[in-house]
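Dear colleague,

I am passing on the structure we spoke about, with the sequence alongside. Please have it open while you read the notes below.

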Amino acid sequence: MAKAKQTAALNPHRGEAKWGAYKLCLTLNALVEIEEGLGVSLSKMGSALANPSMKQLRLILGALVRGGGAMVKDGDTERPPTDDEVGRELLDIPAATRAIEQAFIAAGVFTPGKTGDAPAPQL
C-alpha cells in the first residue's frame, strides 16, 4: 500500500482533530459509517463506544480519517484509505482512543464528564 497523503493544518471551524499524521473529522458521512458499522442508532452510540472492540476501533478511526479527507495514492489515482489500511497504523491504542474522543469534542457532539467517558453524542 502506498502511504496516505499528509493532511493540511487542522481547521477548528470544521471540527477536526489529529491522530498521528491523519486529520480526523466527524462528518455526516463518517457518522453514518460509524452508525452502520456499530449497528446502533445515534442515540445509542455512547454505550456502543464505551468499550469498543479492536474491530470497532478500526472502523471508527477509518470513518474519521476518511471524514478528514485522507487519500491513498494507488497507481495513477487516489482513493480514501480502507479500514484495514488505517488499522495497520493502529499501534498506540490509548492515543487512538484520545484522538477519537477529540474528534467528537471538536465536532461539538461530546462534552466529557470525566476521563474515560464514552463519546456519546449530545442530542
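What follows is an account of the overall layout, the core, the helix packing and a few individual residues.

Please keep in mind throughout that this is a predicted model. The protein chain contains 5 helices and 4 strands, and from the N terminus on these elements follow the order β-β-α-α-α-β-β-α-α. Of its 123 residues, 37% count as buried. Among contacts between residues at least 6 apart in sequence, 56% join residues at least 24 apart.

The largest nonpolar core has 28 residues, and those with the most contacts inside it are Trp 19, Leu 24, Ile 34, Leu 61, Leu 64 and Phe 104. Two or more residues each are given to this core by β1 (16-19), β2 (22-25), α1 (28-38), α2 (45-49), α3 (54-67) and α5 (93-106), and the largest share, 7 residues, comes from α3. Ile 34 illustrates how these pieces are joined: leaving aside its neighbours within four places in sequence, Ile 34 is in contact with Leu 26, Met 45, Leu 59, Ile 60, Ala 63, Leu 64 and Phe 104.

Since α3 gives the largest share of the core, I looked at this helix in some detail. Its 14 residues should span 20 Å at 1.5 Å a residue, and because the end C-alpha atoms of α3 are 20 Å apart, the expected and modelled values agree. The buried residues of α3 are Leu 57, Leu 59, Ile 60, Leu 61, Gly 62, Ala 63, Leu 64, Val 65 and Gly 67, and what covers them includes β1, β2, α1, α2, α4 (83-87) and α5. At the other extreme of this helix from Gly 67, Met 54 lies in α3 but is partly exposed, with a relative accessible area of 44%. Not counting residues up to four places away in sequence, Met 54 touches Leu 90 and Ile 93; the C-alpha atoms of Met 54 and Leu 90, which are 36 residues apart along the chain, are separated by 9.3 Å.

How does α3 pack against α1, and at what angle? The two helices pack at an angle of about 165°, with their axes 8 Å apart, and because an angle over 145 degrees counts as roughly antiparallel, that is how α1 runs relative to α3. The crossing of α1 and α3 is right-handed. On the α1 side the contact is made by Ala 30, Glu 33, Ile 34, Gly 37 and Leu 38, and on the α3 side by Gln 56, Leu 59, Ile 60, Ala 63, Leu 64 and Arg 66.

The packing of α3 with α5 has an angle of about 50°, with the axes 11 Å apart, which makes α3 oblique to α5. This crossing of α3 and α5 is left-handed. Here Met 54, Leu 57, Ile 60, Leu 61 and Leu 64 in α3 meet Ile 93, Ala 96, Thr 97, Ile 100 and Ala 103 in α5.

Turning to α5, this helix has 14 residues and reaches 20 Å from its first C-alpha to its last, close to the 20 Å expected at 1.5 Å a residue. Within α5, Ala 96, Ala 99, Ile 100, Glu 101, Ala 103 and Phe 104 are buried, and their cover includes β1, β2, α1, α2 and α3.

The segments that follow these two helices also deserve a look. Just after α3, Gly 69 takes a positive phi of about 90°, while α5 is followed by Gly 108, whose phi is also positive, near 80°. Gly 68, in the loop between α3 and β3 (72-74), counts as buried because its relative accessibility is 6%. Leaving aside its neighbours within four places in sequence, Gly 68 is in contact with Arg 14, Lys 23, Leu 24 and Cys 25, and its C-alpha atom is separated by 8.0 Å from that of Thr 27, 41 residues apart along the chain. Phe 110, in the segment after α5, is buried, with a relative accessible area of 4%. The C-alpha atoms of Phe 110 and Gly 46, 64 residues apart along the chain, are separated by 9.6 Å.

With best wishes

Key:
Residues numbered from 1 in each chain as written. Predicted model: local features only at pLDDT ≥ 70, side-chain atom pairs only at ≥ 80, totals over all residues. Heavy atoms only, no water. Core = buried A, V, L, I, M, F, W, Y, C linked by side-chain atoms within 4.5 Å. Buried < 20%, exposed > 50% of the residue type's maximum accessible area, 1.4 Å probe, protein only. Contact = heavy atoms within 4.5 Å. Expected span 1.5 Å × (residues − 1). Axes fitted to C-alpha atoms, helices over the stretch in contact; angles between N-to-C directions. Parallel < 35°, antiparallel > 145°, perpendicular 65-115°, else oblique. Left-handed = near helix turned anticlockwise from the far one by under 90°.
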